[in-house]
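Me: Please examine one part of this predicted model closely: the cysteines and their bonding. A single connected account would be best, covering geometry, burial and position in the chain.

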Amino acid sequence: MSSIYTRPQIPENKVGCGKCGYVGHLTFQCRNFLQANPSKAVVLDVSSTSSPSSDDDNDTPLQQLARQEINRDKQQVQKKDSEVKSKKKEKSKRKRRRSPSTSSTSESESESESESKHSKRTGWSISDNKSYFAHGQIPGSVHTILLAANQITEPYWNYNDVDLRSLVYTSWTFTKDFTLSNDFLTLTQFTLHFDQIDTVANITLNECFLGRTNSMFIPYNFNILRSCLQSINQLRIDFESPVIYALNQAKAYNDTVPPDCPPDVQHGECHVQFIRKEPCSFSWDWGPAFAPIGIPGDVYLESTNNADISIELESVNVASYQAAGNQWQVDVLLSSHNDPFECQLKFILENTSFVYEVTVTFDHEISISVLIPDENIELWWPNGYGEQKLYTLSIYNKEQFIGSRLIGFRTVQLIQHDYGPQINGTSFYFLINYQPIFIKGSNWIPPDAFQERVTDTDLERLLRSAQVASMNMLRIWGGGIYERNSFYELADHLGIMLWHDFMFACSLYPVDKAFLQNVHDEIVYQVKRLQSHASIVLWAGNNENEGAVAQNWYDIPKERMAKVKDDYRQLYVNTVMAAVKEIDKGNNRPFVTSSPSNGIESIKEDYIATDPNDSIYGDVHFYGYGIDSWDPRTYPITRFLSETGIQSLPSLDTWKQATSNPVDFNFNSSFLQHREHSNNQLTGIMLHIQSNLPLPVTKDPLKNFTQLIYLSQINQAMTLKSISDVCRVHSSENTIDPKTSQGHTMGLMYWQINDIWQGPTWSTIEYGFRWKMAHYYVQHMYEPVYPIAILTPYQANVTDETARISLNVVNDFAKEISGQLTCSIHTLDTFAVRMSMAYDITLGFATLKHIVDLPYKLLMNRADCSNDRQYCILHCWLNHNHHQVDQTLFFTSPKAYQLYQPNLRIENVQQVTPMDIVFRISATRPALFVWLEVSSHISGYFSRNGFHMFEPVSTVTFHSWTPITNFTSASFALRSNSLFDITQP
């Protein structure tokens with residue numbers, strides 16, 4: 001069979017895809033294509049949402065998994081193909097072609113130059129018909145194409161988020177010239193596919209108007225008449241300004257829909273609720289307003305024969321587990337454009353003995369429930385609880401491959417039960433495979449304002465940072481985007497469960513017929529696309545909009561509130577929830593209308609609770625900390641805390657990605673004020689620092705700024721630790737206080753794991769993947785077996801005879817744990833221990849165990865700390881199964897301690913693997929908040945950081961994300977500091 005584009009040769013040690021052409025990386029779509037076409041020459045797509053792998057020979061773990069899976073599946077398909085080879089020769093083949101998408105050259109040129117044209121992915125041009133014209137590639141947007149053409153500077157540089165704003169106030173035209181072969185044009189049905197387009201555009205092919213787009217959250221398919229196609233063609237996409245479109249939609253709507261605009265401090269744009277576009281692209285309190293215009297997804301022209309049977313795999317859903325029959329119900333949805341026909345479907349669970357065949361009459365769409373016995377599978381478990389076993393379910397019509405999905409088998413239950421007549425409220429926790437899971441996680445935002453800049457390697461580094469930190473859940477926040485397929489595949493492989501909001505946040509929304517239909521189509525498409533993923537365990541209708549309505553955030557007049565509430569229910573109950581239930585059937589993935597909400601209590605109150613943030617129901621968002629955010633009394637004792645956190649500044653190296661002006665490296669600079677998008681947060685950061693930590697005394701402006709960065713990160717780390725300790729020490733149902741009904745906290749997801757740009761935010765990982773101190777503390781506080789030490793009252797006076805130090809240990813493992821908890825009292829002038837105590841412990845599975853209450857006054861007297869409590873610190877460490885986890889309790893604020901020069905030294909720096917550097921750090925005295933950094937050109941993380949040294953030597957490993965070649969200590973540029981350095985000029 002002749003083709004327009006021939007797949008390039010693939011190196012032996014890599015897997016390549018003829019669909020996207022990339023070598024060394026395989027997306028979900030790639031795997032399907034290769035499985036269906038193991039040796040077929042293909043036509044190159046216009047673009048691909050996946051990102052090219054580097055030339056490095058070290059595959060990531062996901063690539064290794066994908067390659068193994070493809071090799072296995074390819075062998076099976078080739079075997080089946082050979083068995084029916086002679087039969088297929090006698091039959092008419094289904095014909096499908098794709099356009100020569102990235103090349104404007106003739107067919108004769110394409111074979112000889114295909115490899116170079118593939119690698120460039122060029123051939124598009126963009127213009128605003130006034131000031132700008134540029135050639136570029138897609139996936140791409142106006143900003144990234146102009147940047148690549150050297151017509152603008154880096155969008156994240158300086159004040160470009162405002163200075164380049166005019167780019168999205170105007171219309172843009174994207175054009176693509178391409179040729180079609182006679183072979184392509186002899187077929188009978190032609191379709192132009194947009195997997196994603198951002199956002200409002202008119203689509204024209206040659207002189208034929210194909211249609212209009214107005215949502216970045218759904219794909220668009222345009223049928224094309226044969227008369228519209230020629231040998232030489234031009235695809236034209238006329239984009240409207242999303243800002244002006246949203247404004248015009250708001251003006252045309254028959255009601256006000258607040259809020260009109262974001263706060264001025266965000267430098268944002270207005271009326272984002274009137275366009276189905278990434279909400280935070282118009283600005284948020286941690287991110288910029290770029291409102292991109294462009295094509296972040298695949299675009300391709302496809303041709304088929306109408307008479308040929310064509311079946312598409314719409315979705316696969318592990319819908320339920322039927323305990324009575326010890327079997328799993330897997331729902332498979334298929335579609336076809338053909339008139340009714342009979343087909344012989346075969347379902348194969350690869351690498352098992354399971355095969356199911358059925359003959360059905362196909363009438364455009366059909367749903368088949370496949371029952372898979374327990375004996376054929378192993379369970380999928382969240383990170384920390386077991387393996388993430390995944391299976392490929394392949395579907396055939398006779399011997400013609402239709403498609404496949406990667407699935408995992410797990411049960412999900414959201415338990416909301418009453419506690420009895422003495423306790424108010426309901427529980428709120430997840431049972432996975434009938435086992436209660438304490439949720440340890442964070443909230444996920446888009447990693448970049450421009451989707452095309454985010455590679456699959458970027459996603460893997462962020463998700464692996466979650467996995468390494470013992471997280472088992474991320475919340476896909478409702479003000480961002482539905483991520484690409486590879487994100488969810490990574491989550492499946494890593495055991496990161498996903499609480500998935502739909503993309504509605506912090507706003508009322510229109511509810512006219514056209515908008516609701518658009519939303520319905522979005523939900524149906526996204527649920528079909530995503531429901532096969534074992535990682536997705538809950539759908540949520542929106543972010544904070546139940547609270548916005550219930551508590552009247554937008555000062556709606558009383559006489560209008562009834563309509564506002566009806567509109568809320570019309571959108572999230574009658575449209576979003578109804579669409580989810582239409583597609584995601586079964587009982588393996590619960591739905592809540594909002595986050596936060598009171599769960600079933602909100603339903604009882606007609607989906608709008610009086611207080612959706614009630615601590616004894618559902619999930620809670622909390623940011624109401626006072627001046628001292630380390631004080632555990634600050635935080636509510638909830639059933640489930642799904643948002644909370646505090647800001648810090650990113651490292652100096654990260655700031656240097658955005659500015660080179662020395663004036664900007666100042667805590668009170670105009671540039672920092674510009675990048676701070678939340679009112680008074682910089683003032684708040686300073687007040688929090690002052691409450692617990694010493695302030696810099698240096699007169700050197702750059703050193704002062706660097707030290708304030710360090711202090712802000714200490715404060716964030718200690719704040720998150722305080723919050724986590726409160727949640728984990730109240731995780732047992734036995735901790736419920738009968739007076740308040742508070743307790744039984746079964747989850748914490750702090751705000752937020754990642755950053756969208758360089759600025760003061762709540763993230764624990766900076767833009768560029770550098771871990772803040774807080775992420776090291778997250779890694780520590782989310783340990784599955786974890787000791788907790790709490791002084792009550794907080795920072796009690798040493799003479800308080802009622803004060804107690806409470807020691808507790810949490811065990812998340814589904815097995816019994818034995819070990820020893822040792823606690824010592826230290827001072828900072830010497831490594832000598834004032835006193836020590838040890839406790840042998842045994843914990844049952846999934847247990848919180850109270851070890852002992854120590855009388856504070858008596859302990860201080862025995863340790864000779866009664867007259868100088870500011871010098872004493874409690875340090876505990878739990879040894880279990882050759883693993884040690886420590887815990888430190890300050891009896892007062894660190895700023896009150898006399899700090900001594902610890903004389904930190906880094907010694908014996910050695911490269912032990914291409915990606916691992918091991919070294920020792922020594923000290924002559926105890927050191928607090930020891931902070932390690934490496935050269936800015938090396939990306940990775942330490943085995944520990946921000947730690948306290950109560951021993952003379954500590955061994956630390958640095959793990960690089962990529963191999964370090966030609967390693968030298970000088971190029972590694974390892975450096976350290978501690979809290980003592982703040983006190984020095």
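**The disulfides**

Reply: C261 is partly exposed, since its relative accessible area of 38% falls between the 20% and 50% limits of that class. Its partner C270 is likewise partly exposed, at 22%, a value just over the 20% below which a residue would count as buried. The two cysteines form a disulfide in which the sulfur atoms are 2.0 Å apart. The torsion about their S-S bond is about 105 degrees, and the link is therefore right-handed.

This bond is one of four disulfides in the structure. When the bonded cysteines of the protein chain are numbered in sequence order, they pair as 1-2, 3-4, 5-8 and 6-7. In that notation, the pair 6-7 is enclosed within the pair 5-8.

A further disulfide connects C823 and C876, with 2.1 Å from sulfur to sulfur. This link is right-handed too, with 110 degrees about the S-S bond. C823 belongs to strand β35, which covers residues 817–826, whereas C876 belongs to strand β38, residues 873–880; the bond therefore ties together parts of the chain that are 53 residues apart in sequence. What is the burial state of C823? C823 is buried, because its relative accessible area is 0%, under the 20% limit. C876 is buried as well, with a value of 2%. Both ends of this disulfide are thus in the buried class, whereas both ends of the bond of C261 and C270 are partly exposed.

The disulfide of C865 and C872 has an S to S distance of 1.9 Å. Here the torsion about the S-S bond is -90 degrees, and the link is left-handed, in contrast to the right-handed link of C823 and C876. Burial extends to this pair also: C865 is buried, and C872 is buried with it.

One more cysteine deserves mention for its surroundings. C727 has a relative accessibility of 2% and therefore counts as buried.

Taken together, the geometry and the burial of these bonds may be set side by side. The right-handed links include that of C261 and C270 and that of C823 and C876, while the link of C865 and C872 is left-handed. As to exposure, C261 and C270 are partly exposed, whereas C823 and C876 are buried, as are C865 and C872.

Key. Residues numbered from 1 in each chain as written. Predicted model: local features only at pLDDT ≥ 70, side-chain atom pairs only at ≥ 80, totals over all residues. Heavy atoms only, no water. Disulfide = S-S within 2.5 Å. Buried < 20%, exposed > 50% of the residue type's maximum accessible area, 1.4 Å probe, protein only. Helix = DSSP H or I, 4+ residues; strand = E, 2+ residues; numbered from the N terminus.
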